[in-house]
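Grab your favourite viewer and work through the exercises below. Try each task yourself before reading the solution under it.

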Amino acid sequence: MPAKFGAADPAMAELYDELRRIAASYLRRERSSHTLQPTALVHEAYLRLSSLNRVQWADRSLVLGLAAGIMRRILVNHARRKAALKRALPPLEIALRTAKKAESQICDALTLDAALRRMERRYADPAKLIELRFFGGLTEEESAEFMGLSRATVQRHYTFARAWLLRELGGPAKPAA
Amino acid sequence: MTPRQPDAEDLFTQALELPPEDRRAFLDRHCGNDAQLRGEVKSLLRWHELADAENWEIPGEPDKPALAYIRARTLKRVGPFELQEFLGEGATGIVYRALDTRSGRPVAIKIASPKTMADHANRERFERAAKAAMRIENAHIARVLETGSIEGLSYVVLEYIEGRTLAEALKEGACDRPTATRVAWQIADALDAAHRHGIIHRDLKPANIILDRNGDVKILDFGLCHALAGAESIARTRTGVALGTLGYMAPEQARGETPTPQSDLFSFGAVLYEMLAGQPAFRGETPVAILSSVLHGQPQGLGARSRLMDLARWCLEKDPGRRPPSAARVLAEIARIEKGGTSIALRFRYLLRPPSRALTASGLVLAVAAVTPFLFRSPPTRVPSLTRLTSGSGLNMSPALSRDGAMLAYASDRGDEGTLHIWVQRVSDGQPVQLTDGPANDDSPSFSPDGREIAFRSERDGGGIYVVQAAGGESKRLVALGRRPKYSPNGRWIAYWVGTDAADLTQNRFPAPGLSKMYIIPAGGGSPVQIQPGFAAASYPVWTPDSAHLLFLGNADSKLLYEPADLHQPGAASLDWWVTPIQGGPAIPTGANAALHAMGLASISQVPQDWTSGKSGVLMSPELNGAQSLWWVPVSPKDWKVSGSPQRLTVGTTIDAQASSTADERVGFASLHASLDVWSIPIDADRVAVSGAIERLTGDLFDHSYPEVSRDGRKITYSSQRSGTRELWLKDLAGGEEKIISVPPSSVFASYFAPDGSRVAYRAIENHVSKVRIASLSDSAQETISECPAAGGWSSDGKRLLCVGADEARISVIELRSRQRKPLLNHSTWTLWQPYFSPDDGWVAFNATLAGRSRIFIAPLRSEGLIPESDWIAITDGVWDDIPRWSPDGNSLYFMSERDGYRCIWAQRLDASKQPSGTPIPVFHAHEARRSLLNIQAGVVEMSVAQDKIVFNMSEQSGNIWMMSVH
């Protein structure tokens, strides 16, 4: 984690409000849409903030990176809340995809969050990378910039995290031993 | 430094660099006898091979153009252009003043938004049009200097013109005649040059016309608009920008037809009219009203009748064929007028014109026009009529027209504010009659073909489909759970669907696997038959005219995921409008998804609404840039395939949805609108006793958020974007005066009155730094508390203020004179916010948001240090409790809660030791269909308590039913 992450920009509070606001409206509007695209929300929030307030966010990867964490929290909160309310609503689901086979592995936000928490305990950087990419839509380059790592290192983390996550989330089929 | 023990990731990474056959030995070497580590790495390597073989990816790569666009916003440079000043942003892109570093010349650069560019065809058109525009050499067209693209961003470089827009000039009133003539001439000259190159402007309006420092015209955006979907530039919501554009658009453009040079001449006429009359030719308070005026109204005969005004009116003919034949002709007319000569054409036309009936009902104008000889000269054109069928500020929605178009049924809350019931009225005389009653919402009516019965969805008894006689009587339950019933054209069946969602204003629904099923049931009652049970999801059935098929929104593949992004993949063929025979047999995909995708309309709102029989097709209202308009998609009755491009039927900035068509192709639809206002409820706040009805404290076209009330209940503040930026307004409730108390250029959010009402602390964001400002109401002095990113409540003496820290989880208190800040509350995982001092300053109330729950706590203040969590008292245990506010005596806490499934205002009494006493008391229930605290986006909800009232914000939805003819 780079030093700048700790020195949080005060405008993050506004970013959080905006993200919560957008997420809330998004989740209400599409109550039966069961799969959400968090990256779209993060970018929408970013665009709206910069156009509404004429704010020129200086450091995009910082903002998007922080937004990724916020978005994760929002989505997980949302999923928990729905679960707590016991409303007959579908859980928020999240998809891992394969380009080769027309198949996706679906898990709900809570399962992914729990898996990420387990990963964080032992492999903090790969877990952070997944958060950035999945919840924030950061590119490899931006992730590297945000985490203060080289692109090669980020690639290695990604390869590792992908294998780890596929295993933890059950995967499409067990690989042959 | 000793090397750290390699962990599983290190070994995994290193092993991957080895040939597979060497990995085992490598692990043996490095894991030693740590079997657990070895097992972990081995298992991960196996999963890695699988992931590689099958190409598994963790999604999250956003689309590149969007990222590039974001990058452009933060970039200081694009190619050789140094971006210097942000000039504006439209629906299609952002515009900067820039320096061309190659020549040192100032230019304007327009960077197209990814939305515009996402579509390949759109991008090609944009680039082609920009290139064509480069060829036009005319003194009155802002020149396109070059076009290009960098990192997937398309941009256009224009000459930079100093001056002001005609729109700004017109704010000062009408132009004098010589100016109007000169400007009109130059515009016409520019149009003439462009039309000769085959380029149509499409969006000519005062805001696109710049008067340079010599007062000469330069028209912006020439040719570029051509690349954009007709109404995209007007589909801007909320900002009010769109209202300006609608009034200059030719009627044929408003109807979604392809613009011609004559469309530009109409816009020219509207501009000329405004220069002469000093006010727009077509006005209205709502987009639909403006549109109706453009389509049917005549501009008022303002000012002295002049030949120039006659020319404007000629250009404003509704029928393009009756306008001047070319811009060259307009130039000739202006030249004649200038010379004092007589224009035969103008005289001739206006002698034959019917008397100006500017404000008569549109139908009458058409009737009169029909007897003039003019219509017989050119082929008669059927002009669609647009008629409003309901009125009032309530919620009127879900229209159903009877087959013969004589009767209208719809859902309205006019009889019982808050609950939707079915109403019916004759289209001709419009006296509404209430058909249903009771505490549950009734919605989605459908007429039987003979017009005698109405089927509808009701939420009563768990929800289901009911039938009632159109003439009145008891409603009978037909079947449980069903939604959106539709009678078959032969009257034998009712089709409906069953799904998991509750009523939604816009009926945006999305067919997720397993969530919806479709049925038909005999209209007289009987057993439902499921249609296409093999579909993963089937919803929103619409009958074809033969009563033997249903068109529906279906998802054939239980594995395919439906993210909005999936809709933009043409390959997602399993999601489509499908047509199925009701007697069984395979369903046929119509290809609608691909057609909508080609138009940029594929979205979550692609619900089919009704079939139009004469010209075979389906009505829908897709979302485009935040607004929804009615569109019509042609579907062939021969093969059930989409047989042409979707066509736009309405244009507006709100929501036009829920279409219902008649046998003679008239269409009823609901035009819906939502607003956010500040409301108050009278209360004896210490006794928790409500003493009257709610009252609206603000109300105009804009949203009003973050309301706060002074302790004496006499003044309120709120944040509003009325003036363009988000500013803090102060309103005196007795006198009604309003003024801005924040300082530009900050963007203002929540605010808090000092206990004596003399000052207001507010959160302002300026240059992406959040800070607190304190405005004095007596002398307009402003003080900046940059130590605090966001404020909470004040201490009773007005000397201390609560702060919500940058890291969100920390609440502190700041001594305003010394600026000393002391931390009060912190939590490692919970987000703490909304802190408020108790009236005696002994306690702080706040809410803590913890995964999925928001809970209210109070904590006793101590002289030093953080208040330990063990001292906190939990006031609520609800699933979502928010915004705690003390009663003036400090013996109760008010808060918002979603404990009953809605967001409502509640209060909790406290005993002497500040422990909750008794159960929460409901103060204000917002369970209505029309007014709700739930539709407000979460960051904006706010509440404030005075002795005699509670002030809060609430969204209100309104809507009316309109009718138009389609073709």
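**Exercise 1. Cysteines and burial**

Task: Classify B:Cys31 as buried or exposed from its relative accessible area.

Solution: Keep in mind that you're looking at a predicted model. The relative accessible area of B:Cys31 comes out at 5%. The cut-off for buried is under 20%, so B:Cys31 is buried. Run the same check on B:Cys904 and you get 0%, which is buried as well.

**Exercise 2. Hunting for disulfides**

Task: How many disulfides does a search of the whole structure find, and which residues are joined?

Solution:
- Step 1: Searching over all chains turns up one disulfide.
- Step 2: The partners are B:Cys788 and B:Cys803, with an S to S distance of 1.5 Å. The criterion is a pair of cysteine sulfur atoms within 2.5 Å, and this pair meets it with 1.5 Å.
- Step 3: Place both ends. B:Cys788 is in the loop between strand E45 (782-785) and strand E46 (790-794), while B:Cys803 belongs to strand E47 (residues 800-804), so the bond ties together parts 15 residues apart in sequence.
- Step 4: Check the burial. B:Cys788 has a relative accessible area of 0% and is buried; B:Cys803 is also buried, at 0%.

**Exercise 3. A sheet and its edges**

Task: Work out the strand order of the open sheet that contains E47 of chain B, and say which strands stand at its edges.

Solution:
- Step 1: The sheet has four strands in chain B, ordered E46-E47-E48-E49, and the pairing is antiparallel.
- Step 2: E46 and E49 of chain B each have a single partner strand, so they stand at the edges with one side left without a neighbour in the sheet.
- Step 3: Ignoring direction, neighbouring strands here are turned against each other by 35 degrees on average.
- Step 4: Zoom in on one pair. Four bridges hold the antiparallel pairing of E48(B) and E49(B), and B:Ser812 has B:Pro823 in E49(B) as its bridge partner.
- Step 5: Now look at the loop between E48 (811-815) and E49 (821-825), where you'll find B:Arg819. Its phi is near 65 degrees, which is positive in a residue other than glycine. B:Arg819 is partly exposed, at 25% relative accessible area.

**Exercise 4. A covered strand**

Task: How many of the residues of strand E55 in chain B are buried, and which way do they point?

Solution:
- Step 1: Count along 892-897: six of the six residues in E55(B) are buried, so the strand is mostly covered.
- Step 2: Sort by direction. B:Ser892, B:Tyr894 and B:Met896 point one way, and B:Leu893, B:Phe895 and B:Ser897 point the other way.
- Step 3: Find the strand partners. E54 (residues 881-886) runs antiparallel to E55(B), joined by four bridges, and E55(B) pairs with E56(B) in the antiparallel sense over six bridges.
- Step 4: Follow B:Tyr894 across both pairings. B:Tyr894 is the bridge partner of B:Arg885, and in E56(B) its bridge partner is B:Ala907.
- Step 5: Check the turn. The hairpin of E54(B) and E55(B) has five residues between the strands, and there B:Gly890 takes a positive phi near 75 degrees.

**Exercise 5. Another positive phi**

Task: Where does B:Lys914 lie, and is it buried or exposed?

Solution: B:Lys914 sits in the loop between strands E56 (904-909) and E57 (921-924) of chain B. Its phi is near 65 degrees, positive although the residue isn't glycine. With a relative accessible area of 7%, B:Lys914 is buried.

Technical notes:
Residues are numbered from 1 along each chain as its sequence is written. Chains are lettered from A and ligands numbered from 1 in the order in which they are written. This is a predicted model: local features need pLDDT of at least 70, side-chain atom pairs count only at pLDDT 80 or more; totals for chains, interfaces and linings use all residues. Side-chain values use heavy atoms; hydrogens and water are left out. Helices (H or I, at least four residues) and strands (E, at least two) are DSSP runs, numbered from the N terminus. Buried means under 20% relative accessible area, exposed over 50%, partly exposed in between (1.4 Å probe, protein chains only). Two strands pair if DSSP finds at least two bridges between them. Axes are lines fitted to C-alpha atoms, for helices over the stretch in contact, and angles run from 0 to 180 degrees between N-to-C directions.
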